[in-house]
Amino acid sequence: MSFYLSFVISNLSFYFMIIGLGIDILELDHLRKILSFQAESFLNYAFTEKEIEYFYNKRGLEHLATTFTAKEAFIKAVPVSKSFCLKEIEVLREESGKPRIHLAGNLAKQFPEDKFRFLLTSSFTKSIVVSVVIIEQNY
């Protein structure tokens with residue numbers, strides 16, 4: 001079953017169909033353990049330079065966890081299994097702090113920005129982080 005959202009701007013109509021939904025949850029203690037044993041290799045495997053820089057300069061562990069869960073939620077939202085690297089999914093922050101997904105490499109070719117939209121929300125408590133991603137296709 002398809003779900004359509006319609007937005008009318010002047011005489012133009014844009015339709016978006018939800019093609020994927022993903023959610024991921026992570027315990028902060030689990031991430032702390034990973035970082036205590038293999039911080040450098042894990043960071044270099046899963047995160048871009050901008051994400052690592054933001055982690056060290058801004059928010060710390062919670063930021064890193066929301067970035068990781070956002071990437072995992074995106075993977076779960078992809079409608080078909082594709083081969084790609086976690087670094088092709090970059091979670092950037094707007095000035096307001098709102099996260100957004102930017103794709104690179106093969107993923108950017110498979111999901112061009114003019115045809116797809118990615119909606120992301122993340123939240124955390126003292127012990128748990130959760131992210132939800134919706135992928136919409138423009139028709």
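**Strand 2, helix 3 and their surroundings**

Ile25 is exposed, with a relative accessible area of 58%. That value comes from a predicted model, and it clears the mark of over 50% that the term "exposed" requires. Ile25 is placed in strand 2, and it touches Thr69, Ile128, Val129 and Val130 when residues up to four places away in sequence are not counted. Its C-alpha atom also lies 6.6 Å from that of Ser131, although 106 residues separate the two in sequence.

The residues on either side of Ile25 offer a helpful contrast. Asp24 belongs to strand 2, which runs over residues 12-27, and Leu26 is found in strand 2 as well. Asp24 has a relative accessibility of 11% and so counts as buried. Leu26 is likewise buried, with a relative accessible area of 11%. Both values fall under the 20% limit for a buried residue.

What does the side chain of Asp24 meet in a polar contact? The partner is the side chain of Lys76, at 2.8 Å. Once neighbours within four places in sequence are set aside, Asp24 is in contact with Thr69, Glu72, Ala73 and Lys76, and also with Val129, Val130 and Ser131. For Leu26, the contacts counted in this way are Leu31, Ala65, Phe68, Thr69, Ser127, Ile128 and Val129. The C-alpha atoms of Leu26 and Phe68 are separated by 8.8 Å, with their positions 42 residues apart along the chain.

Ser131 appeared above as a contact of Asp24, and it deserves a look of its own. This serine lies in strand 6, residues 128-138. Is Ser131 buried or exposed? With a relative accessible area of 0%, Ser131 is buried. Its side chain makes a polar contact of 2.6 Å with the side chain of Thr69, and it reaches the backbone nitrogen of Ala70 at 3.4 Å. Not counting residues up to four places away in sequence, Ser131 touches Gly22, Ile23 and Asp24, then Thr66, Thr69, Ala70 and Ala73, and finally Leu120, Thr121 and Ser122.

Attention now turns to the helices. Two packed helices are described by the angle between their axes and the distance between the axes. Helix 1 (residues 28-46) and helix 3 (residues 61-77) pack at an angle of about 70 degrees, and their axes are 12 Å apart. Since angles of 65 to 115 degrees count as roughly perpendicular, helix 1 and helix 3 are therefore roughly perpendicular to each other. On the side of helix 1, the contact is made by Leu28, Leu31, Arg32, Leu35, Phe42, Leu43 and Ala46; on the side of helix 3, it is made by Leu61, Glu62, Leu64, Ala65, Phe68 and Lys71. Sorted by class, these residues comprise ten nonpolar, no polar and three charged ones.

Leu43 gives a closer view of this packing. It is found in helix 1 and counts as buried because its relative accessibility is 4%. Leaving aside neighbours within four places in sequence, Leu43 is in contact with Leu35, Ile52, Phe55, Tyr56 and Leu64. Leu43 and Leu64 are 21 residues apart in sequence, and their C-alpha atoms are 9.3 Å apart in space.

How enclosed is helix 3 by the rest of the structure? Of its 17 residues, 13 are buried, so helix 3 is largely enclosed. Its length can be checked too: at 1.5 Å a residue, the 17 residues of helix 3 should span 24 Å, and this agrees with end C-alpha atoms that are 24 Å apart. Beyond the helix, Val80 sits in the loop between helix 3 and strand 3 (89-93). A relative accessible area of 46% makes Val80 partly exposed. The C-alpha atom of Val80 is separated by 9.3 Å from that of Gly20, a residue 60 positions away along the chain.

Finally, these details can be set within the whole protein. It has four helices and six strands, which follow the pattern β-β-α-α-α-β-β-α-β-β when read along the sequence. Of its 139 residues, 37% count as buried. Among contacts with a separation of 6 or more, residues 24 or more positions apart account for 55%.

Key: Residues numbered from 1 in each chain as written. Predicted model: local features only at pLDDT ≥ 70, side-chain atom pairs only at ≥ 80, totals over all residues. Heavy atoms only, no water. Helix = DSSP H or I, 4+ residues; strand = E, 2+ residues; numbered from the N terminus. Buried < 20%, exposed > 50% of the residue type's maximum accessible area, 1.4 Å probe, protein only. Polar contact = N/O pair within 3.5 Å; in protein donor to acceptor, adjacent residues only side chain to side chain. Contact = heavy atoms within 4.5 Å. Axes fitted to C-alpha atoms, helices over the stretch in contact; angles between N-to-C directions. Parallel < 35°, antiparallel > 145°, perpendicular 65-115°, else oblique. Nonpolar A, V, L, I, M, F, W, Y, C, P; charged D, E, K, R; others polar. Expected span 1.5 Å × (residues − 1).
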